[in-house]
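The following exercises are intended for a first-year student who is learning to read a protein structure. Please attempt each task before turning to its solution.

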Amino acid sequence: MEEVNKPDFTFDPSIRRDHAEKYRTSEWYDGRGEIRAVEDGRSFQINATFTLQSEVRLVNGVLNPSNPALAEIYKTRGRCIAVVDKTVDELYGEQLDNYFKQNEIPLEVLVCRAWESDKTPETVHKILAFLGKDGCDVSRNEPVLIIGGGVLSDVAGLACSLQHRRTPYVMIGSSIVAAIDAGPSPRTCTNGNLFKNSIGAYHPPVLTIVDRTLFRTLAKGHIRNGMAEIIKMAVTDDPVLFELMEKYGKRLVDTHFANVDADEELEKIADEVIYRALYSYMKHEGTNMFETYQDRPHAYGHTWSPRFEPAAKLMHGHAVGIGMAFGATLALE
């Protein structure tokens, strides 16, 4: 066998490479890495970081054509690709179409039923087919618009995490759960067999828009369902929020979060409640975005609920409320 002589090779003990801005995949994502080589030529270590830029913004009247929140994102991109909850489309579809028509932005929409029973890998694949090469052919720097409740934010967000391995998206929560919890959350997911949210990826929206005027059309049961997530943050993080909920909670339910027969004072209270709940939630979520640490007080009420919620077919907020009651009772005992 002929002997092959290897040329001399000098290992740089540490290599960092700064990439030119023009090669950046997306304006919302960035990353750096360092390689440390070992002189024996048989191993090296890699340390890498990923940086995300995300925003949560309270915007009332987001579908008013004069509101620039969506137009300023999609105008320069020449179109908007949207995944919209079926009920939201029935209630706000015409307003959505008119918004983009008035702002002269082409709009392509996938209307998707998003019940808890639809939180399956099959729904994720349906959305991927719409986003992919045989559908709209969404690019890696094109933010998909998602409008819906907690189920749609989870499954459509997961589809975006899989499309091109990381496609950005803008989230507008149409329910309280989606607006202040599931929507801005980095956890995109689908249900596993008798275990809620067990299949997923960490992929938060680059922008979460919270528009409480969308709560006008929610049934009161869904208002109460979302209240559980607000109470969760009040109990774990914000005594002022807790006092606001004690004093104004019933009126917020009755007025659909100050959208029906409400005065200016209650409107301000509603905005403060939403902002405080979001701030408390993101204070923990945003500083531990990829769940690399398990100190997660905002998961209060979620210890046992992922098991019994699908088995008992409960609404999410109701299951969280039961979980909080269990936890508080055990703590007292």
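The exercises below concern a predicted model, and each is followed by a worked solution.

**Exercise 1. Two domains and their interface**

Task: State how the chain is divided into domains, and describe the contact between domain 1 and domain 2.

Solution.

Step 1. The chain is divided into domain 1, residues 55–215, and domain 2, residues 220–331. Between the C-alpha centres of the two domains the distance is 22 Å. To the contact, domain 1 contributes 21 residues and domain 2 contributes 28 residues.

Step 2. The size of an interface is often expressed as the accessible area lost when the parts come together. Here domain 1 and domain 2 bury about 2400 Å² between them, and 65% of this area is on carbon and sulfur atoms.

Step 3. Next come the polar and charged pairs. Five salt bridges are counted between domain 1 and domain 2. Across the interface there are 13 residue pairs in polar contact.

Step 4. On the side of domain 1 that touches domain 2, β4 (55–58), α5 (176–182) and β10 (195–202) each supply at least two residues. The most comes from α5, with five residues. By class, the residues of this side are 14 nonpolar, three polar and four charged.

**Exercise 2. Salt bridges and their surroundings**

Task: For the pairs R32 and D30, D271 and R212, and K250 and D254, give the N to O distance and classify each residue by its accessibility.

Solution.

Step 1. Side chains of opposite charge can pair when their charged atoms come close. A salt bridge requires a side-chain nitrogen of Lys or Arg within 4 Å of a carboxyl oxygen of Asp or Glu. The count for the model comes to 28 salt bridges.

Step 2. R32 and D30 form a salt bridge at 2.9 Å, N to O. A residue is buried under 20% relative accessible area, exposed over 50%, and partly exposed in between. R32, at 34%, is therefore partly exposed, and D30, at 28%, is partly exposed as well.

Step 3. D271 and R212 form a salt bridge at 2.7 Å, N to O. D271 belongs to helix α8 (residues 264–285) and R212 to the loop between β11 (207–210) and α6 (220–237), so this pair ties together parts that are 59 residues apart in sequence. D271 has a relative accessibility of 27% and is therefore partly exposed, whereas R212 has 6% and is buried.

Step 4. In the pair K250 and D254, the closest N and O atoms are 2.8 Å apart. Both residues lie in helix α7 (residues 239–254), four residues apart, about one turn of the helix. An α-helix has 3.6 residues a turn, so residues three or four places apart point the same way. K250, at 63%, is exposed, while D254, at 34%, is partly exposed.

Step 5. Salt bridges may also be linked to one another: R187, E285, E291 and R296 form a network of them.

**Exercise 3. Helix α9**

Task: Identify the buried residues of helix α9 and the elements against which they pack.

Solution.

Step 1. Helix α9 covers residues 305–312, and its buried residues are S305, P306, F308 and E309.

Step 2. These buried residues pack against β10 and α10 (316–332).

Step 3. E309 also takes part in a salt bridge with K196, in which the closest N and O atoms are 3.2 Å apart.

Step 4. Just after α9, K313 has a positive phi of about 55°.

**Exercise 4. Two residues to classify**

Task: Decide whether V84 and S26 are buried or exposed, and list their contacts beyond four places in sequence.

Solution.

Step 1. V84 lies in strand β5 (residues 80–85). Its relative accessibility is 1%, and V84 therefore counts as buried.

Step 2. Leaving aside neighbours within four places in sequence, V84 is in contact with D89, L96, V109, L110, V111, C112, I147 and L152. For one of these, C112, the C-alpha atom is 6.0 Å from that of V84, although the two residues are 28 residues apart along the chain.

Step 3. S26 is located in the loop between β1 (15–16) and β2 (29–37). With a relative accessible area of 3%, S26 is therefore buried.

Step 4. With neighbours within four places again left aside, S26 is in contact with R140, N141 and P168.

Technical notes. Residues numbered from 1 in each chain as written. Predicted model: local features only at pLDDT ≥ 70, side-chain atom pairs only at ≥ 80, totals over all residues. Heavy atoms only, no water. Buried < 20%, exposed > 50% of the residue type's maximum accessible area, 1.4 Å probe, protein only. Contact = heavy atoms within 4.5 Å. Domains from an automatic or database assignment. Buried area = accessible area lost by both parts, 1.4 Å probe. Polar contact = N/O pair within 3.5 Å; in protein donor to acceptor, adjacent residues only side chain to side chain. Nonpolar A, V, L, I, M, F, W, Y, C, P; charged D, E, K, R; others polar.
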